[in-house]
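Please look through the sequence and the model shown here before reading the briefing that follows.

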Amino acid sequence: MANAANLMLAAILAMGALHFTMMVWLYVSRLWAMKQAGVTTSTATYATMRKLPNWALNPAANYNNLTEAPPLFYAVVIVIVLLGQADPLFVALAWLYVILRLAHSLWQSLINIISIRMVLFGASWLVLAVMILRAALNLLASAYP
């Protein structure tokens, strides 16, 4: 299942690309908002930064959010690949996770209605939980045939 393993590892790269994109988005939007507000990097304080418009704050909040659950996703995918468990179902789950996190990032950065954001966040966690449980059950089954 080398192809499945490669497709799973590609999901990690896609999440990395999303994280990088959000970092660029946060810098561009934050610097633009600071310029409009007359705030410079030397005069910026936590208080002045919190007063920036949501279109500048939301991408930064999402960038921070991407440092929370996705690292666990990276570890789970690597463990699945190293254990030789990569298969079409795991590939589908990994890419579903990426799609949900992309949707969450776009939603949080552009619209940010909390109730929808919570559904996207929760759904991504559910997919990750299924991946963890399935990998654990597969490991137990192979340890105790």
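What covers the buried residues of helix 5? The cover includes helix 1 (2–37), helix 3 (54–65), helix 4 (70–82) and helix 6, where helices are DSSP runs of H or I with at least four residues, numbered from the N terminus. This is a predicted model, in which local features need pLDDT of at least 70 and side-chain atom pairs pLDDT 80 or more, while totals for chains, interfaces and linings use all residues. Residues are numbered from 1 along each chain, and side-chain values use heavy atoms, without hydrogens and water.

**Helix 5**
- Helix 5 (residues 88–110) has 23 residues and spans 33 Å from its first C-alpha to its last, close to the 33 Å expected at 1.5 Å a residue, the expectation being 1.5 Å times one less than the number of residues.
- Among its buried residues (under 20% relative accessible area, 1.4 Å probe, protein chains only) are Tyr97, Leu100 and Arg101.
- Just after helix 5, Asn112 adopts a positive phi of about 60°.

**Ser124**
- Ser124 lies in helix 6 (residues 114–143) and counts as buried because its relative accessibility is 0%.
- Leaving aside residues up to four places away in sequence, Ser124 touches Tyr97, Leu100 and Arg101, contact meaning heavy atoms within 4.5 Å.
- The side chain of Ser124 also reaches the backbone oxygen of Phe121 at 2.7 Å.

**Helix 1 and helix 3**
- Helix 1 and helix 3 pack at an angle of about 150° with their axes 8 Å apart, which means that helix 1 is roughly antiparallel to helix 3, a term for angles over 145 degrees.
- The residues making this contact include Trp25 and Trp32 of helix 1 and Trp55 and Tyr63 of helix 3.

Key:
Helices (H or I, at least four residues) and strands (E, at least two) are DSSP runs, numbered from the N terminus. Buried means under 20% relative accessible area, exposed over 50%, partly exposed in between (1.4 Å probe, protein chains only). A polar contact is a pair of N or O atoms within 3.5 Å; within protein, one must be able to donate a hydrogen and the other to accept it, and residues adjacent in sequence count only if both atoms are side-chain atoms. Axes are lines fitted to C-alpha atoms, for helices over the stretch in contact, and angles run from 0 to 180 degrees between N-to-C directions. Angles under 35 degrees count as roughly parallel, over 145 as roughly antiparallel, 65 to 115 as roughly perpendicular and the rest as oblique.
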